[in-house]
Amino acid sequence: MQNTISFRVADFLKRFPPFSYLNKSQLEELATEVFIIYKEKDEILFHFDEAPHEYFYTVHKGAVALWNTTDAVIVDICDEGDIFGLRPLMAQENYRLQAKTEEESIIYAIPIKQFKPFTRENEQLANFLVESFASNTRNPYSSTHKGQLIGETIHFNPTNNKAGLNDVQHINYSKNIISCGPGTKLKTVAKKMTKNKVGAMIVVKNKLPIGLITDKDFRFKIATGTFDILDRAANIMSTPIITYPKQLTVTQAQMAMMKNDISHLVLTEDGTPNTPAIGMLSKYDVMLSQGQNPTTLIRAIKRAESAAEIKPLRNYVMNLLRGYLKQNIPMALTAKIIAELNDACIKQVVKLALEAQQVEPPVPFAWLAMGSQGRSEQLLHTDQDNALVFQNVPKEQFIAIQRYFLGLAKEITKAMHTIGYAYCPADMMASNPKWCTSLNEFKKLSTQWITNPGPNEMLLSIIFFDYNKVYGDVAIVQELSEHILKTIENYPVFLTHLAGSAMANPSPRGFFRNFLVEQDGEHKNQFDIKKRALMPLIDAARVLILSHNITGISNTWERYEKLAELEPNNKELYLACSYAFKALLKFRTKQGLQNNDSGRYIHLEALSKEEKVKLKRTFKTIKEIQELLNVRFMVNTIR
């Protein structure tokens, strides 16, 4: 008689990798050995530094959080079908994380002894596990570790894949190979190099590279008279030749040149001199590839003399973003780098606009980024939200000075449009007199929002209160921030209205835990990830951080991390919110890059089951943070 329980286990496992790589008989064999574990909420499966178990695990129902206990940070939350606890299988080492249930859970313990033989027989399964373990993800995006085989022990150095951000970009190389034989006269070599406009020539014998001649050799060995122009190539070539494989990153190429004190690398089929050359790499090639390096990009942006020159550099920024996502670079680091590059573009636009003015600014001012850019969360090309605040001036001078700054702001917003920032449909830009005014006028405006918190005031404050100074006088911005906090302190009911506004965002899922999609309009049947998932977390973080009178932190996950410090009792929830927001932002960014749009509206039918599960995993956190807002700010009292 068939074992009903093991049949159900096999039926579940076959839906998820790596078990989906097993055939039916292997699955049925494994399922009979699976141990089923029931855990209440907040129960520990294994502790940090605990000795390895005889099992690794997959979640059948519920959720399990993986904690870095040293930094008190949630690394991941495992949901239905997710695997975790691979260290005993892969490295035979003590656990580096703590696994604790987020809710009531049923977990399948997969016996390593019975599972391990499958890894030796199934390359696809083996690669999946190696990549999962190496990249610390259950569904690895990186293919860096493909091809490695699982032995009894895998020694993994976590710094290899992310040693430097230059490792993200594979370097482009020249396939235009110019070669000669060892007996070729140097005069012929020089003419051939000149004709083909190359700085180096490979010396080959029996079609294999044996040496290299560069421009430097002609300068130091021929021009000095050490050798004659009629001598042979073998006399001056550098040998033995140093070769590398073609799959080089920028960092690897730089290190190879520095290590060997050479300016050219010869690339061969297998990276050795025993196979023919397939390409050549010069220091110039490395320099060009560094156009997608953050430091080099910032230097190039600062050298730009027009918006037209900045525009292609922003395309490089997008290429950099794609590389970081592909290599699974942490989202916080990715967003920080992209935000710095975006800010550098805007700073240069402002500087160029100032240089084009016939007169210097009459008073100090500050250019503010608002909304997602103000929070350093604008990774894709979206619309611009900005403001210009200038120092207070006598009443009789106000109109003339505002006119000057409006002219400046129009030049800046026009240039921002040129480099890829669409104009704001609601005209929340510094080119609008409402958003280009004095410090006192902005104080009056913010006071009006706080003391008369109607729906329109809430909308404006939500966008404006996430501002960040991109350029100009920091003292002006500090004074404005202090005024806003002081006014909120005097009118605490504003926080209740702000919390109510945060809770007004529609739920991401319906009664049957399905995604709630748009019912009509252009995006009918699509899921609005911004309105239903990201904004609830953004709005909650804003009202909570303002309630603590904290300024200078506008980024959503940094707000949650600060809240975790301020409220130890809610630390776990806040860190879960930080994690969920980064996961959602990453998902939206990848969708946007994939579809060449803002990534806001998601076609659910195009998502895999695993992607849907990962999205749904964040919804529980949204519900919990909104429940906290409701209780703390008594939102029901204003409804």
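Where does P18 lie? P18 sits in the loop between α1 and α2, and that loop is a good place to start a tour of this predicted model. Helices here are DSSP runs of H or I with at least four residues, strands are runs of E with at least two, and both are numbered from the N terminus.

Two short notes come before the tour. Residues are numbered from 1 along each chain as its sequence is written, and side-chain values use heavy atoms, with hydrogens and water left out. As this is a predicted model, local features need pLDDT of at least 70 and side-chain atom pairs count only at pLDDT 80 or more, while totals for chains, interfaces and linings use all residues.

**The whole chain**

The protein chain has 23 helices and 20 strands. Of its 639 residues, 52% count as buried; buried means under 20% relative accessible area, exposed means over 50%, and partly exposed is in between, with a 1.4 Å probe and protein chains only. The accessible surface comes to about 30,500 Å², and 51% of that belongs to carbon and sulfur atoms. These areas come from the Shrake-Rupley method with a 1.4 Å probe, and for residues only the protein chains shown count as cover. Among contacts in the protein chain with a separation of 6 or more, 70% are between residues 24 or more positions apart; a contact means heavy atoms within 4.5 Å.

**Loops to look at**

Back in the loop between α1 (4-13) and α2 (24-31), you will also find P17. The peptide bond from P17 to P18 is cis, with omega near 5°. P17 and D82 are 65 residues apart in sequence, and their C-alpha atoms are 8.5 Å apart in space. Another cis peptide bond joins T239 and P240, with omega about 0°. P240 is in the loop between α8 (233-236) and β12 (243-244).

Two further loop residues have a positive phi although neither is glycine: D49 and N596. D49 belongs to the loop between β2 (44-46) and β3 (55-61), whereas N596 is in the loop between α22 (571-595) and β20 (601-602). The table sets out their phi values and relative accessible areas.

| Residue | Phi | Relative accessible area |
|---|---|---|
| D49 | near 70° | 47%, partly exposed |
| N596 | near 55° | 73%, exposed |

P17, from the earlier loop, is partly exposed at 21% relative accessible area.

**Cysteines**

A disulfide is a covalent bond between the sulfur atoms of two cysteines. With a disulfide taken as a pair of cysteine sulfur atoms within 2.5 Å, the count comes to zero. C577 is buried, with 0% relative accessibility, and C424 is buried too, at 9%.

**Inside the protein**

How many cavities of 30 Å³ or more are there? The count comes to two. A cavity is a set of points, on a 1 Å grid over the protein atoms alone, where a 1.4 Å probe fits but cannot get out, and lining residues have an atom within 4 Å of a point. Grid points are joined across faces, edges and corners, and a volume is the space filled by probe spheres set on the points.

The second largest cavity has a volume of about 30 Å³. Its lining is made up of A339, N342, D343, Q373, S376, E377 and Q378. Helix α13 (residues 331-356) gives the most to this lining, with three residues. By class, the lining of the second largest cavity has one nonpolar, four polar and two charged residues. Here Ala, Val, Leu, Ile, Met, Phe, Trp, Tyr, Cys and Pro count as nonpolar, Asp, Glu, Lys and Arg as charged, and the others, Gly among them, as polar.

Conventions:
1 Å grid on protein atoms, 1.4 Å probe; cavity = no way out; pocket = protein on both sides within 12 Å on 5 of 7 lines; lining within 4 Å.
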